[in-house]
Amino acid sequence: MTINYKTSFNEIGCDYGGLTGKSAEDFGKGKPFITYLNVYQNQIITGYNFDYVEIRDRENQNKVRKGDLLFTLSSETPEEAGYSAVYMGDAKELYLNSFCFGIHIPESEMVYPPYMGYLTSTSYFRRKIIPYAQGSTRFNLHKPSLMSMKFSLPAKENQIKIFNTLQLIAKKISTEQEILSNFTQQRNYLLTKLFI
């Protein structure tokens, strides 16, 4: 029997903000942080495309943990606000840029956190998020509304199956893109030799 749960982010996790109180001089050295672009372009983040920021002793900044769901907060259009990714890396000390926020979702009998990266990227979920983007020239996601928004979750065993299947498909796509790139390079090389 398939069970779907109705829940909200407030019920399954707790939110936190990105970096605060930073100036331009603080960037380019120090500890790794996840960039806005990394969240915007990926569904799963492991350990790449990090930038660096100086974190001083006794400075109070939120750390990203494995399984955290990350959202972009603002964009130039409402359709581009609220893009999301789940962090699945193993960094001991990792931070989040100030234009995003995170939700720590502990694994439980109801939730498999890695699945959330795919769920929140579906067109169904994106349509639910867009109304919470407010503004005129720059659109900002209304975080309290997103946190209380109700959505359905399949049973945890189905979340795991769906995640594993989508991961295999993503790896297959990546392999095929690499093969295509290699064939394109080979073709271009052979074409240059035609005119020698």
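## Nonpolar cores

A nonpolar core is taken here as a set of buried Ala, Val, Leu, Ile, Met, Phe, Trp, Tyr and Cys residues joined through side-chain atoms within 4.5 Å. In this predicted model, the largest such core has 24 residues, and those with the most contacts inside it are Phe9, Phe71, Ile103, Ile105, Met116, Leu146 and Phe151. Two or more residues are given to this core by each of helix 1 (9-12), strand 6, strand 10 (100-104), helix 3 (113-119), helix 4 (123-129), helix 5 (143-148) and strand 13 (151-154). Helix 3 supplies the largest share of this core, four residues. A second core, separate from the largest one, has twelve residues, among them Ile34, Leu70, Tyr87 and Leu94. As a general background to such groupings, nonpolar side chains in soluble globular proteins tend to be buried together.

Phenylalanine 71, one of the residues with the most contacts inside the largest core, can also be described through its full set of neighbours. When residues up to four places away in sequence are not counted, Phe71 touches Phe9, Val39, Gly82, Tyr83, Ser84, Phe99, Cys100, Phe101, Ile103, Thr120, Ile129 and Leu146.

## Overall composition

The protein chain contains six helices and 13 strands, and its C-alpha trace spans about 65 × 55 × 40 Å along its principal axes. Of the 196 residues in the chain, 39% are buried. Among contacts between residues at least 6 apart in sequence, 77% join residues at least 24 apart.

## Strand 8 and its partners

Strand 8 covers residues 84-87, with Ser84 and Val86 pointing one way and Ala85 and Tyr87 the other way, and all of them are buried. In general terms, the side chains of a regular strand alternate between the two faces of the sheet. Tyr87 also belongs to the second nonpolar core.

Strand 8 pairs with strand 4 (residues 44-45) in the parallel sense over two bridges, and in this pairing tyrosine 87 is the bridge partner of isoleucine 45. With strand 6 (residues 69-72), strand 8 runs antiparallel, and three bridges join the two; here serine 84 is the bridge partner of phenylalanine 71. Ser84 is likewise listed among the residues that Phe71 touches.

## The three-stranded sheet

An open sheet of three strands has the order 7-12-11, and its pairing is antiparallel. Strand 7 (74-75) and strand 11 (133-135) are the edge strands, each pairing on one side only. The pairing of strand 11 with strand 12 (residues 139-141) is antiparallel and extends over three bridges, and it includes alanine 133, whose bridge partner in strand 12 is leucine 141.

## The largest pocket

The largest pocket holds about 220 Å³ of space. Eleven residues line this pocket, and Ile44, Tyr118, Gln167, Ala170 and Lys171 are those nearest its centre. Helix 6 (residues 156-194) contributes the largest share of the lining, five residues. Sorted by class, the lining has five nonpolar, five polar and one charged residues.

## Three loop positions

Which residues does threonine 35 contact once its neighbours within four places in sequence are left aside? Threonine 35 lies in the loop between strand 3 (27-34) and helix 2 (36-41), and its contacts beyond those neighbours are with Asn49, Asp51 and Asn97. Threonine 35 has a relative accessible area of 13% and therefore counts as buried, the cut-off being under 20%.

Serine 98 is placed in the loop between strand 9 (95-96) and strand 10, and with a relative accessible area of 42% it is partly exposed. Leaving aside neighbours within four places in sequence, serine 98 is in contact with Gly18, Leu19 and Leu73. The C-alpha atoms of serine 98 and arginine 58 are 19 Å apart in space, while the two residues are 40 residues apart in sequence. Alanine 91, in the loop between strand 8 and strand 9, counts as partly exposed because its relative accessibility is 31%. Alanine 91 and serine 181 are 90 residues apart in sequence and 31 Å apart in space, C-alpha to C-alpha.

Terms used. Residues numbered from 1 in each chain as written. Predicted model: local features only at pLDDT ≥ 70, side-chain atom pairs only at ≥ 80, totals over all residues. Heavy atoms only, no water. Buried < 20%, exposed > 50% of the residue type's maximum accessible area, 1.4 Å probe, protein only. Pairing = 2+ DSSP bridges. 1 Å grid on protein atoms, 1.4 Å probe; cavity = no way out; pocket = protein on both sides within 12 Å on 5 of 7 lines; lining within 4 Å. Points joined across faces, edges and corners; volume = space filled by probe spheres on them. Nonpolar A, V, L, I, M, F, W, Y, C, P; charged D, E, K, R; others polar. Contact = heavy atoms within 4.5 Å.
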